[in-house]
Amino acid sequence: MSATLPVKNRQLYIDGAWCDSSTGKKLGVINPATEETIAEVSFGNRADAARAVAAASAALPAWMKLTAYDRAKVLKKTADLMRERADALARTMTMEQGKPLVEAKGEVMHSADTFEWFAEEGKRAYGQVIPQTNPAKRHMTIKHPVGVVGAIGPWNFPITLQARKIAPALAAGCTIVCKPASQTPLSLIGVFECLIDAGLPKGVANMVIGSANEISDEFMQNEAVRKISFTGSTAVGKQLMKQAADQVKRLSLELGGHAPFIVFPDADPEVVAKAAVLGKFRNNGQVCISPSRFFVHKDIEKRFTEVAVAEAKNLKLGNGLDEGVVVGPMFEKKALEGTQALIDDAKGKGAKILTGGGKSTRFERGYFFEPTVLSGLSQDARILTDEPFAPVMPVLDFSKLDDVIAAANNTKYGLAAYVFTNDLSVAWRMAEGLEAGIIGLNDPVPATPQCPFGGMKESGMGRELAHEGLEAYLETKYVSMMLRG
Ligand code: NAP
């Protein structure tokens with residue numbers, strides 16, 4: 001029997017009202033654990049996106065004129081409501097995305113913290129007074145909201161990755177139109193229910209579920225949209241970068257990653273292997289900062305791998321709503337096929353499968369993949385270059401610091417990297433040498449609202465969270481004044 005879905009609305013939210021799409025088209029939302037359709041939601045098109053942009057434009061002048069303190073009240077209240085409704089929001093997310101309830105609840109709480117943090121940080125959109133060289137002049141900068149924002153997010157963290165856009169945009173005085181991933185619209189509907197109950201003025205935040213191409217075409221071609229904030233694949237990010245050039249739109253891009261996880265010989269291989277398994281199989285490895293290439297010093301590689309395999313075998317796989325489950329289904333059938341292809345390629349090139357290796361045969365329905373550990377990888381295995389986004393842990397060994405830095409940096413991505421060592425000099429050399437926007441030193445889960453999140457190289461442009469995440473929604477205006485007399 002299908003479980004009850006807590007979030008009630010099923011429509012788009014435009015100009016302060018829930019509404020059907022202009023075509024009346026609907027989209028089925030699938031539970032990846034059961035393959036059942038759990039809801040039908042309105043599926044919008046370009047006309048709906050245009051209506052939402054018009055609403056955001058109309059709401060902009062009044063919203064930007066409010067003080068940051070008044071805007072903060074809506075954001076703070078949203079955070080409170082998200083915490084109150086955390087169980088319902090988490091359940092909704094588990095049902096449409098698959099992650100276990102405990103992870104879903106963690107995501108809701110992290111997102112509530114993000115709303116609260118930006119409620120406060122909006123009050124610190126300071127300008128500067130700059131010393132003059134001409135005695136008759138005075139120079140200063142003031143901050144100004146960018147304007148209407150188009151926000152496009154993925155399915156893997158359907159609340160957090162929209163919260164990182166909505167909260168700073170609204171705190172800065174911008175208005176926004178959000179497009180969730182088509183597989184996971186219900187979680188964002190739940191967030192909008194909180195925003196609305198928190199007193200969101202009409203038009204300030206809008207949500208259009210619908211065709212990615214049509215909505216993004218409207219964002220790109222409508223002159224009222226001044227900024228696009230995108231989280232998703234590098235391929236789509238590159239396309240958006242080209243399109244944004246036509247109107248020189250501001251762009252924030254949070255794209256793919258392929259994080260190295262490097263373990264030095266002074267680290268405890270058992271403790272680190274346990275941390276590695278937790279970090280790796282969280283959300284089935286469908287995490288942009290998921291560790292995906294494990295470089296372990298040759299002196300401890302054997303023990304590390306034994307413990308990792310034992311831990312991976314013990315992970316309880318199942319429907320994320322069920323008690324004790326720590327790994328849910330992958331989010332769609334295509335993801336299972338892609339993961340299998342990467343493993344088959346590695347195997348064909350000599351890799352050994354130490355545990356897992358394929359779709360779980362224990363479930364009649366659902367997209368369950370056995371947590372997998374591989375060793376003996378050949379340098380040309382595709383899994384070492386293609387972002388896996390999957391519950392697969394490829395273990396390699398190394399012996400010299402410089403070699404492991406070179407191997408870790410040998411990717412087009414540069415989002416996150418992890419280093420485990422107790423040697424401060426090694427830790428510092430690694431932090432300086434690794435090409436990654438986020439570095440976890442003995443820390444497998446580094447993201448937090450007050451610290452910057454984003455990538456180098458093809459992992460993106462700009463930073464979310466932290467003060468940088470607010471700046472991304474502000475223009476700097478320079479004002480020069482000549483004094484009389
Ligand atoms: P995706 O295909 O790029 O989709 C992400 C979002 O973009 C969805 O809302 C999707 O809409 C939309 N989209 C798809 N094609 C588009 C187009 N041509 N123009 C505009 N929007 C378009 O990404 P994904 O494969 O679902 O997500 C996984 C990727 O996201 C991974 O590479 C992962 O590393 C990355 N990611 C990065 C971060 C970060 O912070 N750096 C965080 C999470 C995920 P539909 O759903 O309607 O197709």
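This report walks through a predicted model, going from its annotated domain to its pocket, its cavities and a handful of single residues.

## The annotated span

Let's start with what the record says. UniProt, in an unreviewed entry, lists residues 18-479 as "domain: Aldehyde dehydrogenase". In the model, that span is 40% helix and 21% strand. If you pick out the C-alpha atoms at its two ends, you'll find them 42 Å apart.

## The largest pocket

Next up is the largest pocket, with a volume of about 1200 Å³. A total of 42 residues line this pocket. To find its middle, look for Trp-155, Gly-232, Ser-233, Val-236 and Phe-331, which are the lining residues nearest the centre.

Which elements each supply at least two residues of that lining? They are helix 7 (212-221), strand 10 (225-231), helix 8 (234-244) and helix 11 (333-348). Helix 11 gives the largest share, with six residues. Sorted by class, the lining of the largest pocket holds 20 nonpolar, 14 polar and eight charged residues.

## A closer look at helix 7

Helix 7 has just come up as part of the pocket lining, and it has a buried side to explore too: Ile-215, Ser-216, Glu-218, Phe-219 and Met-220 are its buried residues. What do these buried residues pack against? Their partners are helix 1 (46-65), strand 7 (148-152), strand 8 (175-179), strand 10 and helix 8. Two of those names should ring a bell, since strand 10 and helix 8 also help line the largest pocket.

## Two enclosed cavities

How many cavities of 30 Å³ or more turn up in the model? The count is two. The largest cavity holds about 60 Å³ of space. It is lined by 14 residues, and Pro-260, Tyr-413, Gly-414, Ala-416 and Glu-435 come closest to its centre. Strand 12 (259-263), helix 12 (401-409), strand 17 (413-414) and strand 18 (416-420) are the elements giving two or more residues to this lining. By class, the lining of the largest cavity splits into eight nonpolar, four polar and two charged residues.

The second largest cavity has a volume of about 40 Å³. Its lining is made up of Gly-257, His-258, Gly-285, Val-287, Cys-288, Ser-290, Ser-292, Glu-387, Pro-388 and Phe-389. Here the classes come out as four nonpolar, five polar and one charged.

## Gln-162, tucked inside

Now for some individual residues. Gln-162 belongs to helix 5, which covers residues 160-172. Is Gln-162 buried or exposed? With a relative accessible area of 2%, it's under the 20% cut-off, so Gln-162 counts as buried.

Around it, leaving out residues up to four places away in sequence, Gln-162 touches Ala-151, Ile-152, Gly-153, Cys-178, Lys-179, Pro-180 and Leu-188. With Lys-179 there is also a polar link: a polar atom of the Gln-162 side chain sits 3.2 Å from the backbone oxygen of Lys-179.

## Asn-442, partly out in the open

Asn-442 sits in the loop between strand 19 (438-441) and strand 20 (456-457). Its relative accessibility is 42%; that falls between the 20% and 50% cut-offs, so Asn-442 counts as partly exposed.

Once neighbours within four places in sequence are set aside, Asn-442 is in contact with Val-419, Phe-420, Thr-421 and Asn-422. Val-419 is 23 residues away along the chain, yet the C-alpha atoms of Val-419 and Asn-442 are separated by 5.9 Å. There's a polar pairing with Thr-421 as well: its backbone oxygen lies 2.9 Å from a polar atom of the Asn-442 side chain.

## Two residues with positive phi

Two loop residues are worth a stop for their backbone angles. Val-248, found in the loop between helix 8 and strand 11 (250-254), isn't a glycine but has a positive phi, near 45°. Asn-284 isn't a glycine either, and its phi is also positive, at about 60°. You'll find Asn-284 in the loop between helix 9 (269-281) and strand 13 (291-297).

What about their surroundings? Val-248 is exposed because its relative accessible area of 56% is over the 50% cut-off. Asn-284, by contrast, counts as buried because its relative accessibility of 2% is under the 20% cut-off.

Key:
Residues numbered from 1 in each chain as written. Predicted model: local features only at pLDDT ≥ 70, side-chain atom pairs only at ≥ 80, totals over all residues. Heavy atoms only, no water. 1 Å grid on protein atoms, 1.4 Å probe; cavity = no way out; pocket = protein on both sides within 12 Å on 5 of 7 lines; lining within 4 Å. Points joined across faces, edges and corners; volume = space filled by probe spheres on them. Helix = DSSP H or I, 4+ residues; strand = E, 2+ residues; numbered from the N terminus. Nonpolar A, V, L, I, M, F, W, Y, C, P; charged D, E, K, R; others polar. UniProt positions renumbered as here; feature names shortened; annotations may be inferred. Buried < 20%, exposed > 50% of the residue type's maximum accessible area, 1.4 Å probe, protein only. Polar contact = N/O pair within 3.5 Å; in protein donor to acceptor, adjacent residues only side chain to side chain. Contact = heavy atoms within 4.5 Å.
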